[in-house]
Amino acid sequence: MSSPIRRVLVANRGEIAVRVMRTCRERGIETVAVYSDVDRLAPHVQMADHAVHIGPAPAAQSYLVIEKIIAACKQTGADAVHPGYGFLSENEDFADACTAAGITFIGPSADAMRKMGSKTEARKTVSAAGTPVVPGDNGPEGNGFPTTEAALASAKRIGYPVMLKAAAGGGGKGMRLVHKEADLPAALEGAQREATAAFGDGTVYLEKAIERPRHIEIQIFGDTQGNIVHLGERDCSIQRRHQKVIEESPSPVVSAETRAKMGAAAIAAGRAVKYVGAGTCEFLMGADGSFYFLEMNTRLQVEHPVTEMIYQLDLVSWQLDVAEGKPLPMTQQELDARRRGAAVECRVYAEDPVKFLPSPGKITHLRIPDGPYVRNDCGCYEGSEIPVHYDPMISKLVVWGEDRPRAIARMRRALDEYQVRGIETNLAFHRRCFRQAAFVAGDYDTGFIGRNAAELHPRADERELTAAIIAAALESGTASHAAKPVANGTNGHAPLPPSSEISGWRRSLR
Ligand code: MV4
């Protein structure tokens with residue numbers, strides 16, 4: 001239970017693999033990368049002490065194959081595995097396989113993952129522990145609705161609008177919003193069909209729909225001695241199609257009192273499954289400030305740096321401490337006393353800003369923002385390819401400020417420095433968002449992007465016009481004197497010189 005970790009295999013790729021290896025390196029722990037065909041030259045492979053090829057590009061044949069990961073551990077003598085997020089991070093069979101092979105899985109027990117993996121099971125478990133869940137119904141036997149009649153009766157009791165959700169789901173898959181009785185039968189059938197196709201489990205349950213909710217999550221941490229603490233909230237309401245785009249902490253709508261209440265509710269949920277390691281309880285918050293547990297993510301999340309910034313902590317280092325059997329490094333009181341300032345994260349995606357489709361390809365120029373309190377967690381470099389096979393996130397740009405207005409000002413500055421060429425990105429979206437009045441006022445909910453789409457997304461004709469202006473300026477040699485920020489991502493800078501001439505701006509991994 002309590003032995004020092006000497007060599008960690010990181011069962012992931014991209015920025016999170018790099019981020020985990022950085023902490024391992026600082027702690028004197030050796031690292032092992034695994035990589036697919038298309039990741040031979042990836043940063044996580046370059047950074048690792050050892051690297052094992054695990055197959056072709058599709059994740060189902062490489063990063064998701066439990067046997068290959070376990071074999072790579074044995075081959076390299078890794079005594080622990082960090083799963084990152086996505087891939088096998090919430091797969092209880094993988095956690096079990098690690099344990100069976102005598103390898104420390106850096107995460108919670110397979111049992112905790114199983115209990116939280118089923119959303120109906122999680123609702124039952126945490127509400128028994130006193131954590132408020134969205135008013136709803138898991139079905140007559142607690143495992144879904146065998147008949148349409150039962151679902152109709154239940155929805156009537158709950159009151160419309162209701163949400164149909166897949167028990168095996170999460171993240172919005174197999175979810176249906178139903179406004180009136182007449183729409184329920186078809187929606188139920190559709191949700192069950194979608195759930196069966198996506199998860200091999202058609203179990204669907206009902207919840208009262210919370211209108212215009214905010215998505216607020218609480219970071220918790222448990223150790224093997226049974227201590228659990230919380231590290232405040234992250235407001236993740238800025239999403240598009242269930243994909244988070246901007247996260248921040250503190251939430252503009254969470255008071256110290258609400259934070260303490262939500263923190264206690266999240267800790268109670270963790271205690272109910274004897275949670276060990278880093279976990280996150282997701283809550284929906286209504287306009288009246290009421291909050292309800294939605295689901296728990298049993299992994300380190302993408303947006304964990306936001307929390308690291310305001311607590312000035314390394315959560316991966318905490319994960320390693322806990323995995324070594326050590327007690328949590330700090331008490332709740334010590335954590336509460338450390339909180340300081342505000343942090344915001346922008347997820348920079350390789351995506352077509354008009355069609356919203358991934359825009360994979362080669363990054364021909366890259367200038368990464370820098371300076372005080374700016375952090376860019378990145379799994380690519382100038383000249384690297386964003387593969388089509390995986391998540392198209394280029395980096396997470398995170399800034400800290402003494403307060404929210406200063407964090408926003410810093411993010412605007414950082415976004416203006418950021419330059420990516422060769423692929424399309426959502427940088428222009430971020431630049432607009434950080435100047436959008438409602439966002440700046442902290443007045444947003446999960447429908448924000450949808451309602452403000454026109455204002456937040458540059459139109460195609462506008463982009464073409466900007467490109468034409470830059471081309472003309474280049475022709476006449478005036479581009480470098482342009483001072484007025486423009487919304488096309490160049491901020492008026494001349495397009496970059498060849499990469500050989502800008503090495504001073506470039507942050508290479510090695
Ligand atoms: C809800 C909801 C309203 N009421 N549940 C979407 C993803 C999944 N984790 C839960 N989701 C929602 N569940 C009830 N009872 C609204 C959403 C929702 C949402 C939640 C968080 C962030 C963005 C969202 C976008 C649309 C819908």
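Two strands pair if DSSP finds at least two bridges between them, and the strands themselves are DSSP runs (E, at least two residues) numbered from the N terminus. The legends below describe a predicted model, in which local features need pLDDT of at least 70 and side-chain atom pairs count only at pLDDT 80 or more, while totals for chains, interfaces and linings use all residues. Residues are numbered from 1 along each chain as its sequence is written, and side-chain values use heavy atoms, with hydrogens and water left out.

**View 1. The hairpin of strand 13 and strand 14 has 5 residues between the strands.** Among the residues of this hairpin, Gly289 takes a positive phi near 90°. Strand 13 (residues 277–285) and strand 14 run antiparallel and are joined by 6 bridges, and Cys281 stands opposite Met296 in strand 14. Strand 14 (residues 291–297) is mostly covered, with 7 of its 7 residues buried, where buried means under 20% relative accessible area (1.4 Å probe, protein chains only).

**View 2. The ligand has 18 residues around it.** Those that come nearest are Met163, Lys165, Glu207, Lys208 and Ile210; a residue is near a molecule if one of its heavy atoms lies within 4 Å of it. By class, this shell holds 7 nonpolar, 6 polar and 5 charged residues. At least three residues of the shell come from each of domain 2 (108–134 + 211–340) and domain 3 (135–208), the bounds being taken from an automatic or database domain assignment.

**View 3. Nitrogen atoms of the ligand lie close to Glu207, Lys208 and Ile210 in polar contacts (pairs of N or O atoms within 3.5 Å).** A polar side-chain atom of Glu207 lies 2.9 Å from a ligand nitrogen, whereas Lys208 places a backbone N or O atom 2.7 Å from a ligand nitrogen, and Ile210 has a backbone N or O atom at 2.9 Å from one. The protein covers 89% of the 520 Å² of accessible area that the ligand has on its own, an area that comes from the Shrake-Rupley method with a 1.4 Å probe. Two or more residues of the shell are given by each of strand 7 (162–166), strand 9 (204–208), strand 13 and strand 14.

**View 4. An open sheet of 5 strands shows parallel pairing in the order 3-2-1-4-5.** Its edge strands, strand 3 (50–53) and strand 5 (104–105), each pair on one side only. Strand 1 (residues 7–10) pairs with strand 2 (residues 30–35) in the parallel sense over 4 bridges, and Val32 in strand 2 is the bridge partner of Leu9.

Definitions and conventions: Buried means under 20% relative accessible area, exposed over 50%, partly exposed in between (1.4 Å probe, protein chains only). A polar contact is a pair of N or O atoms within 3.5 Å; within protein, one must be able to donate a hydrogen and the other to accept it, and residues adjacent in sequence count only if both atoms are side-chain atoms. Ala, Val, Leu, Ile, Met, Phe, Trp, Tyr, Cys and Pro count as nonpolar, Asp, Glu, Lys and Arg as charged, and the others, Gly among them, as polar.
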